[in-house]
Amino acid sequence: MSMITVGISDLNVAKGEDTLVTYALGSCVGICLYDRVTKIAGLSHIMLPCSAGFAGAAQQPYKFADTAIPLLVQKMRMAGAMPMRFQAKIAGGAQMFAAKGNTSLANIGERNVVAVKQELARLKIPIIAQDTGKNYGRTLFFSASDGVMKIKSVNRGEFLF
């Protein structure tokens, strides 16, 4: 059993007894995909909703919901997972800063959650659990052995999804 760390603007796949973990989910969103038959788990930590209009976006495809999620699906398929069996769990998308007006930076967490949901819907992957929004950071653990997403948050404890 090993712990596989997924950094910001990163993604990875695990199977067997491995656990994926990502830290510092503030306005970022963690997307957990799972194939319960093969017990293959995938985790993506996106920072921004959409790659359109960003110079250099092609060099950082894991940073954006619209490019990272299809790449995660592809990586899981290459590991032997079947996308028709995928289920998703998502977490993050917090509003980490007090908003002065409705600036795009102030609501980036909410925009990230919307973009993730749109991309998963486009790929026909159902979201079966989520812990999004609010105003606090999260650490996310995702177990390949059973598909359980565990969220830890300072002063808020631990929750299983």
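This is a short talk on one helix, the core it packs into, and the sheet beside it.

Before anything else: what you have in front of you is a predicted model.

I'll start with helix H1, residues 65–78. It has 14 residues and reaches 20 Å from its first C-alpha to its last, close to the 20 Å expected at 1.5 Å a residue. Which of its residues are buried? They are Ala65, Ala68, Ile69, Leu72, Val73 and Met76. If you look down the axis of H1, those buried residues fall within an arc of 135°, so they line one face of the helix. On the face turned away from that buried side, you find Arg77 and Met78, which are exposed. Just after the helix, Gly80 has a positive phi of about 110°.

What do the buried residues of H1 pack against? Three strands and a helix: E2 at 10–15, E4 at 29–35, E5 at 40–46, and helix H2 at 108–122.

That brings me to the core. The largest nonpolar core has 22 residues, and the members that touch the most others are Ile31, Leu33, Met76, Val116 and Leu120. Two or more residues come from each of E2, E4, E5, H1, H2 and strand E6, which is 87–92. H1 gives the largest share, six residues.

Take Leu120 as an example. Leaving aside residues up to four places away in sequence, Leu120 touches Ile31, Leu33, Ile69, Ala88, Ile90, Ile125 and Ile127. Another core lies apart from this one; it has 16 residues, including Leu20, Leu43, Leu140 and Ile151.

Now the sheet. Five strands make an open sheet with mixed pairing, and the order is E2-E5-E4-E6-E7. Which strands are at the edges? E2 and E7, the latter being residues 127–132; each of these pairs on one side only. From one strand to the next, the twist averages 15°.

At the E2 end, E2 pairs with E5 in the antiparallel sense, over six bridges. If you want a place to look on screen, find Leu11, which stands opposite Ser44 in E5.

Last, helix H2. H2 lies across E4, E5, E6 and E7, and runs at about 25° to E4.

To put the pieces together: H1 turns its buried residues to E2, E4, E5 and H2, and H1 supplies six residues to the largest nonpolar core. H2 for its part lies across four strands of the sheet, E4, E5, E6 and E7.

Conventions:
Residues are numbered from 1 along each chain as its sequence is written. This is a predicted model: local features need pLDDT of at least 70, side-chain atom pairs count only at pLDDT 80 or more; totals for chains, interfaces and linings use all residues. Side-chain values use heavy atoms; hydrogens and water are left out. The expected span of a helix is 1.5 Å times one less than its number of residues. Buried means under 20% relative accessible area, exposed over 50%, partly exposed in between (1.4 Å probe, protein chains only). The arc is that of the directions from the helix axis to the C-beta atoms. Contact means heavy atoms within 4.5 Å. A nonpolar core is a set of buried Ala, Val, Leu, Ile, Met, Phe, Trp, Tyr and Cys residues joined through side-chain atoms within 4.5 Å. Two strands pair if DSSP finds at least two bridges between them. Axes are lines fitted to C-alpha atoms, for helices over the stretch in contact, and angles run from 0 to 180 degrees between N-to-C directions.
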